Amino acid sequence: VAKTLLASVGPFTLAGLLYLGGALGVLPFAFRGGSPQLRRDRRQRRMLALAVVFGGCLGPVLLLFGLRAAPAASVSLWLNTETVVTAILAWGFFHEHLDRRTVIAAALVFAGGLLLAAPAGAAGWRAGMLVALACVCWGLDNNLTALVSGFTPAQTTAIKGIGAGTVNLAIGLVLEGGLPPWSGILGALAVGTLSYGFSIMLYISGAQQLGASRSQLLFSTSPFLGVLLAWFMFGEPATAAQFGAAGFMGAGIALMLTARHEH
């Protein structure tokens, strides 16, 4: 749906509206719970601020620029990179376990990404790189958010949505002109409420209980759903490269799902 909205809304403006819509969706759940004592902790606030910058400000803008230049099905498959990046960052910086199967899985997902980008030439490499950078931002966001314990998932999502949404919308109004038509605004807010607000809140709830890498494995089913929607609902043509990439990435995700996780 975001691919469709990009026809009338610029990437910065759309990113801002999506996250503001996400904040609106979870705001009724954000007024109670959490730990006031932990919320005063500077480390907690610093991790949340970094999550807002990487996951809320940078990640969605990079994704939308990549989505504007490539088919939605291909971008959905590239989003599998987020699973790999989350696991590697969780191992390298946050001391979660990473076994040999996960390393092989990362190589398979990477190979699928290369296969997907190659047929489109320079444009494909640029789009793939933008989505990959978005996934790096979200990988950092996933790990940081999993460690933020003073805020409830709804509070974290609301803070991220209001902060990042306001910043990106302001940038969009300056760089991309005025607001889009009301249909575009309402569509973006609706998508943001469901696909960002409720999605992030539910993901954070899982990540805080399962750890960043395992929760991301479950979340990794969404790119394949995105491919099917792009093909069957929006009529995008299926390509041989997409089938090949889906095979590599599906095998990689299956390996990660069967890897042993020790915490």
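Let's start with Gln208, which is partly exposed, having a relative accessible area of 32%. That label fits because partly exposed covers the range between buried, under 20%, and exposed, over 50%. You'll find Gln208 in helix 10, the stretch covering residues 182-210. Now pick out Arg126 as well: Gln208 and Arg126 are 82 residues apart in sequence, and their C-alpha atoms sit 35 Å or less apart, at 34 Å.

Before going on, keep in mind that this is a predicted model. How confident is the predictor? The protein averages a pLDDT of 86, and 95% of the residues score at least 70. Among the elements of the protein, helix 2 (residues 11-26) has the highest mean pLDDT, 95, while helix 11 (residues 212-219) has the lowest, 69.

Next, have a look at helix 9. It has 23 residues, so at 1.5 Å a residue it should span 33 Å; the C-alpha atoms at its ends are 32 Å apart, which agrees. Val174 belongs to this helix, which runs over residues 153-175. Is Val174 buried or exposed? It counts as exposed, because its relative accessibility is 68% and the cut-off for exposed is over 50%. Compare its position with that of Pro237: the two are 63 residues apart in sequence and 35 Å apart in space, going from C-alpha to C-alpha. Just after helix 9 comes Gly177, which takes a positive phi of about 90°.

Helix 9 also takes part in a salt bridge. The structure holds 1 salt bridge, and the partners are Asp141 and Lys160, whose closest N and O atoms are 2.9 Å apart. This pair links distant parts of the chain: Asp141 is in helix 8 (residues 121-146) and Lys160 is in helix 9, 19 residues apart. Are these two residues buried or exposed? Both Asp141 and Lys160 are buried.

Now move along to helix 12 and helix 13. A search of the whole structure turns up 3 aromatic pairs. In one of them, the rings of Trp231 and Phe243 have their centres 5.0 Å apart and their planes at 40°, so the pair is tilted. Here, too, distant parts of the chain are linked, with Trp231 in helix 12 and Phe243 in helix 13, 12 residues apart. How do the two partners differ in accessibility? Trp231 is buried, with a relative accessible area of 15%, whereas Phe243 is exposed, at 53%.

Stay around here for Met233, which lies in the loop between helix 12 (222-232) and helix 13 (240-257). Met233 is exposed, with a relative accessible area of 59%. Which residues share a surface patch with Met233? They are Val1, Leu225, Leu229 and Phe234; with Met233 they form a nonpolar patch on the surface, and together the five have about 500 Å² of accessible area.

Finally, turn to Lys3, whose place is in helix 1 (residues 2-5). Lys3 counts as partly exposed, because its relative accessibility is 29%, and partly exposed lies between the 20% and 50% cut-offs. If you then find Gly59, you'll see a residue 56 positions away from Lys3 in sequence, with 16 Å between the two in space, C-alpha to C-alpha.

Definitions and conventions. Residues are numbered from 1 along each chain as its sequence is written. This is a predicted model: local features need pLDDT of at least 70, side-chain atom pairs count only at pLDDT 80 or more; totals for chains, interfaces and linings use all residues. Side-chain values use heavy atoms; hydrogens and water are left out. Patches are made of residues with over 30% relative accessible area and no salt bridge: like charges are joined within 9 Å, nonpolar side chains (Val, Leu, Ile, Met, Phe, Trp, Tyr) within 5 Å. Accessible areas come from the Shrake-Rupley method with a 1.4 Å probe; for residues, only the protein chains shown count as cover. A salt bridge is a side-chain nitrogen of Lys or Arg within 4 Å of a carboxyl oxygen of Asp or Glu. Helices (H or I, at least four residues) and strands (E, at least two) are DSSP runs, numbered from the N terminus. Buried means under 20% relative accessible area, exposed over 50%, partly exposed in between (1.4 Å probe, protein chains only). Rings of Phe, Tyr and Trp (its six-membered ring) pair if their centres lie within 6.5 Å; planes under 30 degrees apart count as stacked, over 60 as edge-to-face and the rest as tilted. The expected span of a helix is 1.5 Å times one less than its number of residues. pLDDT is the predictor's confidence in each residue, from 0 to 100.
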